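Hi,

Here is the structure I promised to pass on. Have a look through it first, and then read my notes below.

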Amino acid sequence: MTATWLSGTKIAKEIRESLRPEIERLTKAGVQPGLAVVLVGDDPASQVYVNKKAKTCLELGMHSEVYRLPAETEEAELLGLIDRLNRDDRIHGILVQLPLPKHIKEKNVIDAIHPSKDVDGFHPVNVGNLAIGDDCLLPCTPAGVIEMLKRGGIEIAGKHAVVVGRSNIVGKPVALLLLREHATVTITHSRTPDLASITRQADILVVAAGKPELIDRTYVKPGAVVVDVGIHRREDGTLCGDVKADDVAETAGVLTPVPGGVGPMTIVMLMKNTVEAAGRALASGKAGRG
Ligand SMILES: Nc1nc2c(c(=O)[nH]1)N[C@@H](CN(C=O)c1ccc(C(=O)N[C@@H](CCC(=O)O)C(=O)O)cc1)CN2
């Protein structure tokens, strides 16, 4: 069997274009959706992602602000900036790029962002609402995975989905979203014994292990849908995921590429969340007038 590739680049483009009418409507109503992205330090990959976020905002006619702070920035200063952005009517979404330098506590930063502007969906209020199935801003990568599956014509209900990884950013929320779509979900992680015996049961395998090319064909049931959330730069400068793509493509039915898979979906879901946050601000009368 040779897998069909499920292109995140193509689906992300469709979603991006579908956002334009709502951005136009909000802007005409005096509420141009605005995203503030904060980067602390000079991690090269983070710089690429932050630039992509700002560029996509501008291409869509959204308001974009990028704050680039030095690695030595004190936590209190960062919290001060978040407080200011929380009260800024032109900003509907705030995103602090992760990872942060070690001296800054990620939890303090996430908790400081107002839940209505938490376009990353990482605040405990949004995480709690996701867990109980209430309306909330969804984390971008997990929401992107679900959107990709749906738009790729892949049935989720009734399927056995296995998630490799239990991070707060991807593993746990993607498992909750798959459950919400009526999959039977198994979460595995680095201490799961005989991982392959479990992943081989998956109809849908979502890999967010953070380990380059961990998953080869021996982990995959023939015909399974495999979503690769990992992204790593090899020494020669090329990118790979958590899945050994060429090998798994011989067994899987559908496979997402790296690059061009989940990555572009993460960016477009961020735009979608920002537009949604702006729409809610307009509806609640709390929006700025541009
Ligand atoms: N605050 C957050 N920090 C981080 C998140 C997040 O969702 N919120 N996720 C990751 C990084 N990430 C988003 O910020 C991200 C990763 C990858 C891509 C992407 O488009 N990748 C391209 C390849 C890009 C390249 O050339 O390097 C692809 O896969 O095709 C976008 C966003 C950690 N931090």
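Let's start with helix α6. Its twelve residues should span 16 Å at 1.5 Å a residue, and the end C-alpha atoms are indeed 16 Å apart, so the two figures agree. Bear in mind that this is a predicted model.

How many of the twelve residues of α6 are buried? Ten of them are, which leaves the helix mostly covered. The buried set takes in Cys140, Thr141, Pro142, Ala143 and Gly144, and carries on with Val145, Ile146, Glu147, Met148 and Leu149. Among the elements that cover these buried residues are α1 (8–28), α7 (171–180) and α10, along with the strands β7 (204–207) and β8 (225–228). Right after α6 comes glycine 153, with a positive phi of about 75°.

Now for α2, which runs over residues 44–59. The same check on length works here: 16 residues at 1.5 Å each should span 22 Å, and the end C-alpha atoms of α2 lie 23 Å apart, which agrees.

Which residues of α2 are buried? They are Tyr49, Lys53, Thr56 and Cys57. Looking down the axis of α2, these buried residues fall within an arc of 105°, so they line one face of the helix. It helps to remember that an α-helix has 3.6 residues a turn, so residues three or four places apart point the same way. On the other side of α2 you'll find Pro44, Val48, Lys55, Leu58 and Glu59, which are exposed.

What do the buried residues of α2 pack against? Their partners are the strands β2 (34–40) and β3 (63–69), plus the helix α10 (262–284). After α2 there is glycine 61, and its phi is positive too, near 75°.

Last, the ligand. There are 19 residues around the ligand, and Tyr49, Leu98, Pro259, Gly263 and Thr266 come nearest. Tyr49 is also one of the buried residues of α2. By type, the shell around the ligand splits into twelve nonpolar residues, five polar and two charged.

Where does the shell come from? At least two residues each are supplied by α2, β4 (93–96), α6 and α10. The biggest giver is α10, with four residues. Seen by domain, at least three residues of the shell come from each of domain 1 (29–114) and domain 2 (140–263).

So if you want one place to begin, try α10: α10 packs against the buried residues of α2, helps cover those of α6, and gives the most to the shell around the ligand.

Cheers

How values were computed. Residues numbered from 1 in each chain as written. Predicted model: local features only at pLDDT ≥ 70, side-chain atom pairs only at ≥ 80, totals over all residues. Expected span 1.5 Å × (residues − 1). Buried ≥ 20, exposed ≤ 12 C-beta atoms within 10 Å, placed from the backbone. Arc of directions from axis to C-beta. Contact = placed C-beta atoms within 7 Å. Near = placed C-beta within 6 Å. Nonpolar A, V, L, I, M, F, W, Y, C, P; charged D, E, K, R; others polar. Domains from an automatic or database assignment.
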